[in-house]
Amino acid sequence: IKPSSTMPFKALVECWAGGGSGGKAVAGASGGGGGAYNQAWIDSSNLSSTEIVTIGAGGVGITAANTAGNVGGNTSFGTKVLAYGGGGGATGTGGSGGGGGGTVSAGITAGAAHGGSPRMEIVGGFGYCTNGAAVAGIENSLGGGGGGGATGSNGGAGGNSVYGGGGGGAQQTNGGNSVYGGGGGGGGNI
């Protein structure tokens, strides 16, 4: 609710989105991407008397084998500030980690070989596998960290982020860290 004040003011609005869930497989499950961070200073003259706030939940966990993870929910402050959720992790041998959420799009749910978004400040980090080797999720500053990639019984750690959420780890590895957002979950035992 907007304060009743005759003096103009600016409000700092910060949003953190939900992270994607990891993929599940008999072997090769990967981590989900971290949710993004976005913020804006808004003049009081641009605020409604009330604003609709939506808090993005984390991607729904996977229980069925050989199923890719789910995208995390977006977080918004009316139509003024929006942070996108992280992508879900892939499934199967050589599965890529989910892409970190960004400020312009949600993280991409990983495919079999490469998933996530390119590394830029406004989009999330990405997670991947290369030449059959599991690789840690790529770091980011505003977007979420990429989820760790997996291959066979090996998994990569989740990518870190400064403001967005850390990416989820794959197969018994650590999730990524974040200075201001939430940390990514560690990978489970297959």
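S76 stands opposite L82, a residue of strand β5. Strands here are DSSP runs of E with at least two residues, while helices are runs of H or I with at least four, all numbered from the N terminus. The model is predicted: local features need pLDDT of at least 70, side-chain atom pairs count only at pLDDT 80 or more, and totals for chains, interfaces and linings use all residues. Residues are numbered from 1 along each chain as its sequence is written, and side-chain values use heavy atoms, with hydrogens and water left out.

**The sheet**

Strand β4 covers residues 75-77. It is joined to β5 by 3 bridges, and the two run antiparallel. Two strands count as paired if DSSP finds at least two bridges between them. An open sheet of 3 strands has the order β3-β4-β5, with antiparallel pairing. Its edge strands are β3 (53-54) and β5 (81-83), each paired on one side only.

**The chain as a whole**

The protein chain has 9 strands and 0 helices. It has 190 residues, and 49% of them count as buried. Buried means under 20% relative accessible area, exposed means over 50%, and partly exposed lies in between (1.4 Å probe, protein chains only). About 8400 Å² of the protein chain is exposed, and carbon and sulfur atoms supply 54% of that area. Accessible areas come from the Shrake-Rupley method with a 1.4 Å probe; for residues, only the protein chains shown count as cover. Take the contacts between residues at least 6 apart in sequence: 43% of them join residues at least 24 apart. A contact means heavy atoms within 4.5 Å.

**The core**

Which residues make up the largest nonpolar core? The 10 members are A11, V13, C15, A17, A36, I42, L47, F77, V81 and A83. Such a core is a set of buried Ala, Val, Leu, Ile, Met, Phe, Trp, Tyr and Cys residues joined through side-chain atoms within 4.5 Å. Two or more residues come from each of β1 (10-16) and β5. Strand β1 gives the most, with 3 residues. In soluble globular proteins, nonpolar side chains tend to be buried together.

I42 belongs to this core. Leaving aside residues up to four places away in sequence, I42 touches F9, K10, A11, V13, L47, F77, K80 and V81.

**Salt bridges**

The structure holds 2 salt bridges. Each needs a side-chain nitrogen of Lys or Arg within 4 Å of a carboxyl oxygen of Asp or Glu.

| Pair | N to O distance |
|---|---|
| K10 and D43 | 3.2 Å |
| E51 and K80 | 3.0 Å |

K10 and D43 link distant parts of the chain: K10 sits in β1, D43 in β2 (residues 37-43), 33 residues apart. K10 counts as exposed because its relative accessible area is 52%. D43 is partly exposed, at 31%.

E51 pairs with K80 through their side chains. E51 lies in the loop between β2 and β3, K80 in the loop between β4 and β5, 29 residues apart. K80 is partly exposed, with a relative accessible area of 31%.

**A surface patch**

W16, V162, V179 and Y180 form a nonpolar patch on the surface. Together they have about 390 Å² of accessible area. Patches take residues with over 30% relative accessible area and no salt bridge; like charges are joined within 9 Å, nonpolar side chains (Val, Leu, Ile, Met, Phe, Trp, Tyr) within 5 Å. V162 is found in the segment after β9 (154-155). Its relative accessibility is 33%, so V162 counts as partly exposed.
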